[in-house]
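Colleague: I would like a close look at one part of this protein. Please take a single residue, then work outwards from there.

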Amino acid sequence: MTGKQLLYLTFNAFLKERFGERVQKITLDAGLTCPNRDGTRGRGGCTYCDASGSGTGAASQIPDVRSQALSGMQAMQHRYNAQKFIAYFQSFCNTYAPAQHLNALYDSVADLPGVVGLSVATRPDCLNPEILDLLAGYSKRLMVTLELGLQSCHDVTLARINRGHTFKEFLDGFALARRYPLRVCVHIIIGLPGETAEHVNETARELARLKPDGVKIHCLYIHKGTALEQEYIQGNFQPILQEEFVASVCDALEMLPPSTVIERLTGDPLKKLLVAPEWTLRKQDILSAIEQELLRRDSRQGQYWKE
Ligand code: SF4
């Protein structure tokens with residue numbers, strides 16, 4: 001882990017060590033879709049996913065990703081004086097299109113001055129050798145990260161949230177991606193319907209075994225217009241409490257390898273769309289509660305991890 005004082009390996013610390021300065025992620029919406037929405041794997045999508053495909057919805061205002069990237073980079077230059085950027089294809093499934101179309105999308109941002117990385121979020125069942133070869137081609141000059149959604153290792157939960165894939169399918173996708181020179185970052189969610197702290201611990205244990213390059217830990221929040229909102233209104237789902245979330249995050253951090261970069265530790269709900277839980281809007285409070293809990297335990301990332 002970089003820096004003795006770090007309780008966990010933050011993405012900022014990792015990027016600073018690798019690139020020598022601040023690197024800012026620019027979120028992009030390529031206007032794609034997802035096999036869990038178009039009927040290929042399912043319809044309606046994951047129960048928590050809103051109309052923007054868990055992204056910004058930027059494609060409805062600025063359809064081309066190069067313009068989105070330029071505008072995002074300009075804003076980050078202004079705000080943080082950032083000079084280096086990661087182009088992050090966030091919304092929907094960013095490997096779910098013909099390779100030629102994906103090539104044009106990735107190309108349109110990969111050569112922008114200051115772009116040092118390409119991050120591509122997708123589902124584990126949306127990978128094939130042609131697309132992985134394409135992505136691997138960029139890794140000669142950029143840091144390329146494939147972001148794979150797992151969410152939970154429990155098939156019962158995956159079915160309940162209408163994920164449209166199993167844990168085994170995630171493992172197959174992960175193993176395939178591992179054959180290419182790509183960083184692999186895995187997303188999990190804490191607070192899923194029907195899950196206890198022990199369920200989350202099992203997911204974290206499985207994840208630790210895979211030694212991913214990066215992990216994003218999200219808190220499940222309810223956005224307006226989702227199937228999860230209906231479950232909540234009907235009294236079939238209760239969101240997790242902040243203290244439960246913090247405890248589960250700390251348990252997961254203790255299990256993960258010290259070398260895994262912790263790329264996110266909260267959700268990122270939009271205030272105007274958020275139904276519950278309201279505490280997920282206070283990101284800094286959550287991060288400091290996690291830090292306090294690790295200090296209270298006299299613990300840190302990797303505390304219980306064994307090779
Ligand atoms: S896989 Fe992603 S884009 Fe597709 S429905 Fe689920 S969260 Fe939304």
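**A close look at I262**

Modeller: Strand 8 covers residues 261–264, and I262 is found in it. Keep in mind that this is a predicted model.

Start with exposure. I262 has a relative accessible area of 3%. The cut-off for buried is under 20%. I262 therefore counts as buried.

Now its partners. Set aside the neighbours within four places in sequence. I262 is then in contact with Y8, L9, T10 and F11. It also contacts V215, L253, L256 and Q301. For a sense of distance, take T27, which is 235 residues from I262 along the chain. The C-alpha atoms of I262 and T27 are separated by 18 Å.

Next, the nonpolar cores. The largest one has 72 residues. F89, Y106 and L118 have the most contacts inside this core. Helix 9, residues 242–255, gives the most to it, with 7 residues. Another core, of 12 residues, lies apart from the largest one. Among its members are I189, L192, L220 and I222.

F89 deserves its own list. Residues up to four places away in sequence are not counted here. F89 touches L28, A30, V65 and N94. It also touches L105, Y106, V109 and L118. S119, V120 and A121 are on its list too. Two of these names, Y106 and L118, appeared above with F89 among the residues with the most contacts inside the largest core.

Then the ligand. There are 10 residues around it, and C34, G45, C46, C49 and R123 come nearest. By class, the shell holds 5 nonpolar, 2 polar and 3 charged residues.

Finally, the whole chain. It has 10 helices and 9 strands. Of its 307 residues, 56% count as buried, and I262 is buried as well. Take the contacts between residues at least 6 apart in sequence: 81% of them join residues at least 24 apart. The accessible surface comes to about 13800 Å². Carbon and sulfur atoms account for 50% of that surface.

The overall dimensions close the picture. Along its principal axes, the C-alpha trace spans about 45 × 45 × 40 Å. The radius of gyration of the protein chain is 18 Å. A compact globule with 307 residues would have a value near 19 Å, so the chain agrees with that expectation.

Notes: Residues are numbered from 1 along each chain as its sequence is written. This is a predicted model: local features need pLDDT of at least 70, side-chain atom pairs count only at pLDDT 80 or more; totals for chains, interfaces and linings use all residues. Side-chain values use heavy atoms; hydrogens and water are left out. A residue is near a molecule or strand if one of its heavy atoms lies within 4 Å of it. Ala, Val, Leu, Ile, Met, Phe, Trp, Tyr, Cys and Pro count as nonpolar, Asp, Glu, Lys and Arg as charged, and the others, Gly among them, as polar. Helices (H or I, at least four residues) and strands (E, at least two) are DSSP runs, numbered from the N terminus. The radius of gyration is taken over C-alpha atoms; the globule rule is 2.2 Å times the number of residues to the power 0.38. Buried means under 20% relative accessible area, exposed over 50%, partly exposed in between (1.4 Å probe, protein chains only). Contact means heavy atoms within 4.5 Å. Accessible areas come from the Shrake-Rupley method with a 1.4 Å probe; for residues, only the protein chains shown count as cover. A nonpolar core is a set of buried Ala, Val, Leu, Ile, Met, Phe, Trp, Tyr and Cys residues joined through side-chain atoms within 4.5 Å.
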